[in-house]
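The following exchange examines why particular structural terms apply to a model. Each answer sets a computed value against the criterion behind the term.

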Amino acid sequence: MSGHSKWSTIKRKKGANDAKRGKIFTKLIKEITVAAKMGGGDPDGNPRLRSAINAAKAENMPKDNIDRAIKKGTGDLDGAVYEEILYEGYGPAGVAVLVETMTDNKNRTVADIRHYFAKSNGNLGESGCVAWMFDKRGVITVDGQGVDEEELMELAIEAGAEDVVEEESSFQIYTTPEDFNDVVEALEKAEVKMEEASISMVPQNTVEVAEEKPAKNLLTLLDNLEDHDDVQKVHANFDIPDEIIEALS
């Protein structure tokens, strides 16, 4: 199981117990604002904005919140000016970690992220130190309950997907960034339930973390990063055996 899907699975298992809806909204609003600023406020002509709006709707964000975020991005309303910064580093056991951020104070953000890495026996690296280990791809997670694998694969491939992989109780659909929105729209029209859909950095290879202590430190690092208000997404190339995850949980 790739670092992306492994971390997604862990988050889904524990996420129901986490009262983080406010933080999720904050991250989504930032993404909508920046997407509107960069590509305009019309989602039909701005794939990044369309994807951000779909993610917000999936989290039941009120329409007024979405509209305000778009207007802040287009300049129709005053709002903070966010800068996108990608941080790279190594976590415990040499796991490569990418951290996508949006911040209005990069000095604060980099200090916090460096602290999290150091606290978990990792280290923040230079730009480009691990990004080459990942490929940018669209990743769509579909709830596997009641889904026919052959029908899902046919639908996804016809819409432009590259691959469909069964993982535990769900399916991972992989696309190019360019075909991502076409596949999402095809799944929506077919009323396929999507648990998650985003452009992600998928690791080319994974590092097995087979001991409890480094595994615990790694999951703590990823948790701390995800919980930071300025962090949008975290990607890592780890594989932790299920028995260790169970022991830690």
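**Two sheets and their helices**

This is a predicted model, in which 4 strands make up an open sheet with antiparallel pairing, ordered E3-E1-E2-E9.

Q: What makes strand E3 (123–124) and strand E9 (231–236) the edge strands of this sheet?
A: Each of E3 and E9 pairs on one side only.

Q: How do you know that E1 and E3 count as paired?
A: Pairing requires at least two bridges between the strands. Strand E1 (residues 83–90) is joined to E3 by 2 bridges, and the two strands run antiparallel; the criterion is therefore met. One bridge partnership places Gly89 opposite Leu124 in E3.

Q: How many bridges support the pairing of E1 with E2?
A: E1 and E2 pair over 8 bridges in the antiparallel sense; at least two are needed, so the term applies. Tyr90 has Ala96 in E2 as its bridge partner. The two strands form a hairpin with 5 residues between them, and Ala93 in the turn has a positive phi of about 65 degrees.

Q: Why is H5 called roughly antiparallel to H8?
A: Helix H5 (residues 106–119) packs against helix H8 (residues 212–227) at an angle of about 165 degrees, their axes being 9 Å apart. Angles over 145 degrees count as roughly antiparallel, and H5 is therefore described in this way relative to H8. The crossing of H5 past H8 is right-handed.

Q: Which residues make the contact of H5 with H8, and how do they divide?
A: H5 contributes Ile113, Tyr116 and Phe117, while H8 contributes Leu221, Asn224 and Leu225. The division is 5 nonpolar, 1 polar and no charged. Asn is outside the nonpolar and charged sets, so Asn224 is the polar residue.

Q: Where does H8 lie with respect to the strands?
A: H8 lies across strand E2 (96–103) and E9, and runs at about 155 degrees to E9.

Q: What is the strand order of the open sheet that contains E5?
A: The order is E5-E6-E4-E7, a sheet of 4 strands with antiparallel pairing. E5 and strand E7 (194–203) stand at the edges with a single partner strand each, so one side of each has no neighbour in the sheet. Direction ignored, neighbouring strands are turned against each other by 25 degrees on average.

Q: What makes E5 and E6 a pair?
A: Strand E5 (residues 163–167) and strand E6 (residues 170–175) share 5 bridges in the antiparallel sense. The requirement is at least two, so they pair. Among the bridge partners in E6 are Ser170 for Glu167 and Phe171 for Glu166. E5 and E6 form a hairpin with 2 residues between them, and Glu168 in the turn has a positive phi of about 55 degrees.

Q: Which residues does Gly144 touch, not counting residues up to four places away in sequence?
A: Gly144 touches Ser169, Ser170 and Phe171. Gly144 is placed in the loop between strand E4 (134–143) and helix H6 (149–159).

Q: Across which strands do H6 and H7 lie?
A: H6 lies across E4, E5 and E6, running at about 150 degrees to E5. H7 lies across E4, E6 and E7, running at about 160 degrees to E7.

Q: Why are H3 and H7 called oblique to each other?
A: H3 and H7 pack at an angle of about 40 degrees, with their axes 10 Å apart. Roughly parallel requires an angle under 35 degrees and roughly perpendicular one of 65 to 115, so H3 and H7 are oblique. H3 passes H7 in a left-handed crossing. The contact is made by Pro47, Arg50, Ser51 and Asn54 of H3 with Phe180, Asn181, Val184, Glu185 and Glu188 of H7. These residues divide into 3 nonpolar, 3 polar and 3 charged.

Q: How do you know that Arg50 and Glu185 meet in a salt bridge?
A: The N to O distance between their side chains is 3.2 Å. The cut-off is 4 Å, so the pair qualifies. The pair links distant parts of the chain, with Arg50 in helix H3 (residues 47–58) and Glu185 in helix H7 (residues 180–189), 135 residues apart. A search of the whole structure finds 10 salt bridges.

Key. Residues numbered from 1 in each chain as written. Predicted model: local features only at pLDDT ≥ 70, side-chain atom pairs only at ≥ 80, totals over all residues. Heavy atoms only, no water. Axes fitted to C-alpha atoms, helices over the stretch in contact; angles between N-to-C directions. Left-handed = near helix turned anticlockwise from the far one by under 90°. Contact = heavy atoms within 4.5 Å.
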